[in-house]
Every structure is written in C-alpha cells, then in structure tokens.
Amino acid sequence: MTVAGPERRTRADLVAVVVLVVAAVVATTVVWVTSDARATLSEISPRIPAPEQPVAVPPELTEAWRAPSGATPEPVTAGPGVITGDGSTVRGHDPRTGEEQWRYARDLPLCTVGAEWRGAIAVHRKGDGCSEVTALEGATGTRGPQRNSDAELGTRLLSDGTYVTATGTGIVESWRSDLVRTQQYGVPAAPKNAGNNLPRPGCRTVSVGVGDDRVGLVEACPGEQSDRITVIKARPEDDEQPEQVLSVALGSADASIVAVSQQFVAAVLRDRGEVAVYDTDGNRRQSFPARTEALPPDEVRVEATTPGEPLTWFTGRDTVALAPNSFTPLWTVPDTLGSGALFAGKLLVPVRNGLAVIDPRSGARETMIPVDRGGFDGPVEVAVLGDTVLEQRGDTLVALR
C-alpha cells in the first residue's frame, strides 16, 4: 500500500497565494471605499423627549435658537423632533433647546427633507436627479426604509396624511409608509413605455397639490393655449398606470393648485385674480376673487389645522381660510407673510413685525405677538411643535418660545 507524503509547496505556489490574498483585500477595500455605507454617517439618539403641550397663547415670544436649513422649504417636524436639512446632513433637534439629538449624512447634497408617519424623509442628489430616499425615525434618527426614486432636481415632498408625493415638472410620484411607490405620473429619464401610460404625453407639470389620497396637477400641454387641471389617484391599481379622476382646461396661462379633496379641486388663476373650484366631473362649481403675487408654483401653501377646521391658504399677499368640505372662502387676513399654524386653539399668522393671533373659526384678529426678525422681510412659514413656534425664514429655521 502506498501512502501519500506531505504536499510540497513551491515558492511559486506561495507567491500565488499571497497575490490572491492581496487582491481580495484590495477588492474589499475598493468596495468599502466606494460603497454607500462608507459614505454614510448615522448617529442616533436614545429618544427625543415629548414636548409639552401649550394651554394658551403666550403674550410674547423670543428667539430660543436657530439653525441653517436650506433643504427645508418650510419647518419640518417628525414625532417629537424638529428636523433641519443643510448641505448633505439631516439633523434632529430638541424643540425646546435646539440641541442636536441625531444626525444622518451622506457624501451627496440634499435635495429636500420632508416628514410623514412620525419620521423624516431625506432625499439626496445623485447624478442628475434626486434618487436617494431614506426614512428616518423622528425621535431617534434610526434609519428605516430606503428607495431609489425618479424624483427630479428641485423636488419637494408633499403629504396628505397617508401618502407622500415628490413633485417635479416631468415626473410626479407617490410613496406609502414603507417607501414603496404607489403611482408615477410622467416620463422618467429612462422610460419603459415612453409615456404610453399618459393620457396626454408631452405635458409639463407646473404645480402639484395633494389631499385625501388625491394628487392635483396643473399641466401645460403642447397645442393648448391655457393650463389644464388634472386630478389622479395617489394609489391606483397599477403604479405605472395613472388613474385620472378629472382633467379640464382652466382658461388661464398662470395657474397653481390650491387644494385637493375627494370631491373638489381648487386652482388659483393669477392672470385672472381668482380661484376656481371644480368637482370630480370637471364642472366649475364656484369662483372667488383673490389678491395674488407671482410666487413660484411651489410657494402656494395650504395648511390644515385640525379635522373639520378651515384650511388656510397663503396667496402671496393674504391668508385665506377655506371650508374643508367645499373650499368656499370663509375669511381673509390681509397683508400676511404665510399661511399660519395652530397654537393652543388659535391660529398664528405671520405678519410684519410679529404673529397675528386669529380665531380660526371667525377670522377675528385678537392680538399680535411681536417678533423681531432682524430685518428679514420675505415669506415666513410657521409650524408648531408642543410649546415651540418654528419659523422658516429663507434658508434658516428659527425657534421661538
């Protein structure tokens, strides 16, 4: 019987092994260096404490803290946290102190930051689009679902309480809470069907609004002299096949969505100085005059207070309350800077030199809280978290207490 002796390794064999090991290490290092994980910073917090709820409007407010937030077009709150976005970093702050509790950053610039489902939604730019979407728990900054999106540069995130919609001129898409896409309207950069799923290929979306599981669009279409208002479902049967509820020409070449519901859609016609309200059959049910400024379409802001309470809409000059079930105008506060937010049962509406305290049902102006904005005189969007009032002034978020 022959027994094999020990395997003899030559110098060439050892060199080959070393080369293979080094190659594997180099390959692993390259993957790590170029991977999304290597380019991501995630620092979480135990949990931001729940803020105290106010019982009355204070007689005065002073600045408590401020932070740069160029990626938020309005104040963003998620759960108990105030969210800011600037550069490539999203931060969660304690609303009372402004202390940073968590952060999430990538080596990509932020496109925008929104909020829904008690969490923040960060959208980072990659290449020519805003494709990198990440959900973050508002209280801790813990990462949740992520997705790649067809969202465009300049996108904003709009929420109807159930779905989040990313705006765009060529692509508008909606996501549910796990960031699975529920609808896409438009033609992406690498289309599968070249727009064959659209009733009117070639149209450009100039304004987007959401509400009640509906997405309202103002479209500018080739060959049409006026803008068109279109409403689609936020969750159709097929996410690649939009379900149109209505579409009708507006007779205006300068229109934006004001509000959307299951029964109605309202659009402001700036060149006519009026708001038109349509039902789901495309019938014009009512119209009313409105003083407007030539704000960009994404500057049209409608804020809901609480269920059953009026919606408030900033026209660019005034704040108008609309009935939630019909969009009929109820009252107007003239010469304002934004739509306002509810605080202890009262509506705080930004005006020059302060915040007007308004009864949300009657529109009566009860008093004004002075606010020193240091010479800032642009639009001001307001939000409230607990007993902290938040103002978005351009690229800066300011907290008042």
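## Salt bridges and exposure

A residue counts as partly exposed when its relative accessible area falls between the buried range, under 20%, and the exposed range, over 50%. Arg 91 has a relative accessible area of 24%, so this residue is partly exposed. Please keep in mind as you read that the model is predicted.

The side chain of Arg 91 meets that of Glu 100 in a salt bridge, at 2.8 Å from N to O. Glu 100 is partly exposed too, with a relative accessible area of 30%. The pair belongs to a network of salt bridges that links Glu 43, Arg 91, Glu 100 and Arg 103.

## Other charged pairs

The whole structure holds 25 salt bridges. One of them joins Glu 63 to Arg 66, with the closest N and O atoms 2.8 Å apart. Glu 63 is partly exposed at 39% relative accessibility, and Arg 66 is likewise partly exposed, at 46%.

Glu 391 and Arg 393 offer another case: their side chains meet in a salt bridge of 2.9 Å, N to O. Here both Glu 391 and Arg 393 are buried.

A polar contact worth a look involves Glu 132, which sits in strand β9 (residues 129–137). With 7% relative accessibility, Glu 132 counts as buried. Its side chain makes a polar contact with the side chain of Arg 106, at 3.3 Å.

## The chain as a whole

Let's step back to the fold. The secondary structure consists of one helix and 33 strands. The chain has 401 residues, of which 50% count as buried. Its accessible surface is about 18500 Å², and carbon and sulfur atoms account for 50% of that. Among contacts between residues at least 6 apart in sequence, 46% join residues at least 24 apart.

## A four-stranded sheet

Strands β27, β28, β29 and β30 form an open sheet in that order, with antiparallel pairing. The edges are β27 (341–343) and β30 (365–370); each has a single partner strand, so one side of each is left without a neighbour in the sheet. On average, neighbouring strands of this sheet are turned by 35 degrees against each other, direction ignored.

Within the sheet, five bridges join β28 (residues 346–351) to β29 (residues 354–358), and the two run antiparallel. Val 351 stands opposite Gly 354 in β29.

## A loop glycine

Gly 202 lies in the loop between β14 (181–186) and β15 (204–211). With a relative accessible area of 54%, Gly 202 is exposed. Gly 202 and Val 187 are 15 residues apart in sequence, while their C-alpha atoms are 8.7 Å apart in space.

Conventions: Residues are numbered from 1 along each chain as its sequence is written. This is a predicted model: local features need pLDDT of at least 70, side-chain atom pairs count only at pLDDT 80 or more; totals for chains, interfaces and linings use all residues. Side-chain values use heavy atoms; hydrogens and water are left out. Two strands pair if DSSP finds at least two bridges between them. Axes are lines fitted to C-alpha atoms, for helices over the stretch in contact, and angles run from 0 to 180 degrees between N-to-C directions. Buried means under 20% relative accessible area, exposed over 50%, partly exposed in between (1.4 Å probe, protein chains only). Contact means heavy atoms within 4.5 Å. Accessible areas come from the Shrake-Rupley method with a 1.4 Å probe; for residues, only the protein chains shown count as cover. A polar contact is a pair of N or O atoms within 3.5 Å; within protein, one must be able to donate a hydrogen and the other to accept it, and residues adjacent in sequence count only if both atoms are side-chain atoms. A salt bridge is a side-chain nitrogen of Lys or Arg within 4 Å of a carboxyl oxygen of Asp or Glu.
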